[in-house]
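Below is a short report on a single protein chain. The sequence and the coordinates are shown for reference.

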Amino acid sequence: MASRHVFFKITAVIALLFYAAAASAQTHYKAHMWIGGRAGVSLARQDISPSMPQSWLMGSTGAVTFRYSEEKLFGLVAEAGWSQRGWKEDFEESPLKYSRHLTYVNLTALTQIIFGGQRAKCFINLGPEFAYMISESISANFDYNNLSSVTDWPERERQTAQLAMPIHNKFDYGITASIGGEFYVRPTHSITLEARYYFGLGNIFKSSKADTFSASRCTSIEVTLGYNFRLR
């Protein structure tokens with residue numbers, strides 16, 4: 001419940017920033033509209049409690065982007081895309097392998113702060129993201145539904161309920177923050193390089209007091225390359 005209150009407060013602040021940027025556009029600076037796309041790689045983990053040993057899981061990510069930007073300071077960005085999240089179990093020296101890919105479609109609204117020169121600019125983005133899981137896949141070299149049959153199972157105790165537990169909540173929401181650079185190949189064309197962090201606030205597994213996990217939130221780091229065209 002506390003995470004939802006934080007989410008709504010941050011969303012309200014972002015909405016005020018959106019309004020301030022739009023008001024500034026009408027009175028001070030000439031606005032530009034851009035459309036484009038970005039794609040790249042994602043590294044994902046689960047913020048899960050009780051925890052289990054895990055490492056970053058590599059996947060893909062991308063989006064179609066629409067941006068309303070100021071010549072000087074502000075921009076508003078809307079995106080529709082996809083992202084692969086999930087986790088990879090860490091068995092240390094054991095030959096056992098397990099990973100779980102969760103593929104989401106998402107909608108993102110970002111406030112953008114821009115600074116730099118005519119040919120190159122830097123930007124910082126912040127805003128909410130809403131996502132829905134459309135598919136999942138598990139890759140393992142052992143029978144995770146029957147762990148008693150696994151001869152190489154580690155002797156040390158570890159959390160195992162997540163291996164075969166079905167996803168309960170396909171809807172996810174969270175906060176996205178990023179930093180990047182934009183380079184103009186011509187006045188109406190640009191290339192962007194962006195590093196992004198997503199902090200999920202929803203749980204993929206049931207999280208009541210009677211359930212196994214009190215938290216099971218998605219987190220990810222994304223690095224993408226984009227190309228944009230100015231509409232006006």
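The report covers the overall layout, the interior, the charged pairs and the surface.

**Layout**

The structure is a predicted model. The chain holds two helices and nine strands, arranged along the sequence as α-β-β-β-β-β-β-α-β-β-β. Of its 232 residues, 42% are buried. Among contacts between residues at least 6 apart in sequence, 71% join residues at least 24 apart. The accessible surface comes to about 12300 Å², and carbon and sulfur atoms account for 61% of that area.

**Core and aromatic rings**

The largest nonpolar core has 19 residues, and Tyr104, Phe142, Ile204 and Phe205 touch the most other members. At least two residues of this core come from each of strand E5 (98-116) and strand E6 (120-140). E5 gives the most, with three residues. Beyond its neighbours within four places in sequence, Ile204 is in contact with nonpolar and other residues, including Trp87, Leu102, Tyr104, Ile167, His168 and Cys218.

The whole structure has 11 aromatic pairs. In one of them, Tyr98 and Phe142 are tilted, with 6.4 Å from centre to centre and 40° between the planes. Tyr98 belongs to strand E5 and Phe142 to the loop between E6 and helix H2 (161-164), 44 residues apart, so this pair links distant parts of the chain. Both Tyr98 and Phe142 are buried. Ring pairs also join Trp87, Phe91, Tyr98, Phe142, Tyr144, Trp153, Phe205 and Phe213 into a cluster.

**Charged pairs**

The count of salt bridges is nine. Three of them are listed here, with the distance between nitrogen and oxygen.

| Salt bridge | N to O distance |
|---|---|
| Arg196 and Glu79 | 2.9 Å |
| Arg85 and Asp172 | 3.9 Å |
| Arg100 and Glu136 | 3.0 Å |

Arg196 lies in strand E8 and Glu79 in strand E4 (residues 74-89), so their salt bridge ties together parts that are 117 residues apart in sequence. Are these two residues buried or exposed? Arg196 counts as buried because its relative accessibility is 4%, and Glu79 is buried at 7%.

Arg85 forms its salt bridge with Asp172. The pair links distant parts of the chain, with Arg85 in strand E4 and Asp172 in strand E7 (residues 171-186), 87 residues apart. Both Arg85 and Asp172 are buried.

Arg100 in strand E5 and Glu136 in strand E6 are 36 residues apart, and their pair likewise links distant parts of the chain. Arg100 is buried, with a relative accessibility of 2%, whereas Glu136 is partly exposed, at 37%. Salt bridges that share partners join Arg38, Glu79, Glu194, Arg196 and Glu222 into one network.

**Surface patch and strand E3**

A nonpolar patch on the surface is formed by Val41, Leu43, Trp56, Met58, Phe183, Leu193, Tyr197, Phe199, Ile221, Val223 and Leu225, with about 980 Å² of accessible area together. Strand E1 (31-49), strand E8 (189-203) and strand E9 (215-230) each supply at least two residues of the patch. Val41 is placed in strand E1 and counts as partly exposed because its relative accessibility is 41%.

Gly62 is found in strand E3 (residues 57-70). Gly62 is buried, with a relative accessible area of 1%. The C-alpha atoms of Gly62 and Val41 are separated by 8.3 Å, and the two residues are 21 apart along the chain. Apart from neighbours within four places in sequence, Gly62 is in contact with Arg38, Ala39, Gly81 and Trp82.

Conventions
Residues numbered from 1 in each chain as written. Predicted model: local features only at pLDDT ≥ 70, side-chain atom pairs only at ≥ 80, totals over all residues. Heavy atoms only, no water. Helix = DSSP H or I, 4+ residues; strand = E, 2+ residues; numbered from the N terminus. Buried < 20%, exposed > 50% of the residue type's maximum accessible area, 1.4 Å probe, protein only. Contact = heavy atoms within 4.5 Å. Areas by Shrake-Rupley, 256 points an atom, 1.4 Å probe, with all protein chains shown as cover. Patch = residues over 30% accessible without salt bridge, like charges linked within 9 Å, V, L, I, M, F, W, Y side chains within 5 Å. Salt bridge = Lys/Arg side-chain N within 4 Å of Asp/Glu carboxyl O. Core = buried A, V, L, I, M, F, W, Y, C linked by side-chain atoms within 4.5 Å. Phe/Tyr/Trp six-rings, centres within 6.5 Å; stacked < 30°, edge-to-face > 60°.
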